[in-house]
Each structure stands twice: as C-alpha cells, then as structure tokens.
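Please examine the sequence and the three-dimensional structure shown below. The paragraphs that follow lead through selected features in turn.

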Amino acid sequence: MKTLEQRVRNFLERPLPDEVALHYEPDSLTEMFLRTFAQGQPLDAGLIQMGKICLGELDQTIAQVNTEAAREYFIECRKLLTEVLQQVI
C-alpha cells in the first residue's frame, strides 16, 4: 500500500484535466502545501493554517467547475489535503 506521501506525489505528477489545465497555477497555495508534505519537509503552524484555508477554498472550486473530470480532480485533491491535515495536526 502506498504511503500518503507517495499518493500525494502521484497526484501532483499526473496530467491535469483540460479544465484544470486552463487555469493552472503551479505556485498555488494548495499545491505548495501538498508538495511540501510530499517532499517530507516539516509543516509548521503557518503552513498548517494555510492548508486549512485551502481546504475551504477547494469547496468553492468544486462547486464552480464545469466538467466531471475537473470535479473529480479537485475532490481527490481535497481528500488528500484532508488526510495530510489529519496526519500533521
């Protein structure tokens, strides 16, 4: 079974759905948070707070996307973010 770090790394490395790729920001807070975790770097209190904020923003993003592929992508992103936060809190 893959570790959470491996699952996050795989998620970050996979191709983006078309709708997501159109608006992709490689330095987004969510991606930065997940990448920091996947690289085994420590998540301090500030980064953990940032992760919590990202979690709320993902709910809005999921509600606004137009395609099922984008919705599934962001739902998986939210699930991984939740698991990371549960592990580090």
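**From a salt bridge to a helix core**

Asp59 counts as partly exposed, with a relative accessibility of 38%; the scale calls a residue buried under 20% relative accessible area, exposed over 50%, and partly exposed in between, using a 1.4 Å probe and protein chains only. The model is a predicted one, in which local features need pLDDT of at least 70 and side-chain atom pairs count only at pLDDT 80 or more, while totals for chains, interfaces and linings use all residues. Residues are numbered from 1 along each chain as its sequence is written, and side-chain values use heavy atoms, with hydrogens and water left out.

Asp59 has a partner in Arg78: the two form a salt bridge whose closest N and O atoms are 2.5 Å apart. The term salt bridge denotes a side-chain nitrogen of Lys or Arg within 4 Å of a carboxyl oxygen of Asp or Glu. Because Arg78 belongs to helix H5 and Asp59 to helix H4, the pair ties together parts that are 19 residues apart in sequence. Helices (H or I, at least four residues) and strands (E, at least two) are DSSP runs, numbered from the N terminus. Arg78 is partly exposed, its relative accessible area being 26%.

How many salt bridges does the structure hold? There are 6 of them. Within helix H5, the side chains of Glu68 and Arg71 meet in one, at 3.6 Å from N to O. These two residues are 3 apart in H5, about one turn of the helix. Both count as partly exposed, Glu68 at 47% relative accessibility and Arg71 at 24%. In helix H3, a salt bridge of 2.6 Å, N to O, joins the side chains of Glu31 and Arg35. They lie 4 residues apart, which is again about one turn of the helix. The spacing can be understood from helix geometry: an α-helix has 3.6 residues a turn, so residues three or four places apart point the same way. Here the two partners fall in separate accessibility classes, since Glu31 is buried at 9% and Arg35 is partly exposed at 32%. Arg7, Lys79 and Glu83 are linked in a network of salt bridges.

Helix H5 deserves a closer look. It comprises 21 residues, 68–88, which at 1.5 Å a residue should span 30 Å, and its end C-alpha atoms are indeed 30 Å apart; the expected span is 1.5 Å times one less than the number of residues. The buried residues of H5 are Ala70, Tyr73, Phe74, Cys77, Leu80, Leu81, Val84 and Leu85. They are on the same side of H5, because they cover an arc of only 135° around the axis, the arc being that of the directions from the helix axis to the C-beta atoms. What do the buried residues of H5 pack against? They pack against helix H1 (4–13), helix H2 (18–22), helix H3 (29–38) and helix H4 (45–64), where contact means heavy atoms within 4.5 Å.

Two of these buried residues, Tyr73 and Phe74, also take part in aromatic pairing. A search of the whole structure finds 2 aromatic pairs. Rings of Phe, Tyr and Trp (its six-membered ring) pair if their centres lie within 6.5 Å; planes under 30 degrees apart count as stacked, over 60 as edge-to-face and the rest as tilted. The rings of Phe11 and Tyr73 are stacked, because their centres are 4.8 Å apart and their planes stand at 25°. This pair links distant parts of the chain, with Phe11 in helix H1 and Tyr73 in helix H5, 62 residues apart. Phe11 is buried at 3%, and Tyr73 is buried at 8%. Tyr73 and Phe74 form an edge-to-face pair, 5.1 Å centre to centre with 80° between the planes. Phe74 counts as buried at 15% relative accessibility. Phe11, Tyr73 and Phe74 form one aromatic cluster.

The cysteines complete the account. A disulfide is a covalent bond between the sulfur atoms of two cysteines, identified here as a pair of cysteine sulfur atoms within 2.5 Å. Why does the structure hold 0 disulfides? The sulfur of Cys54 is 8.4 Å from the closest cysteine sulfur, in Cys77, and this is too far for a bond. Both residues are nevertheless buried, Cys54 at 1% relative accessibility and Cys77 at 5%.
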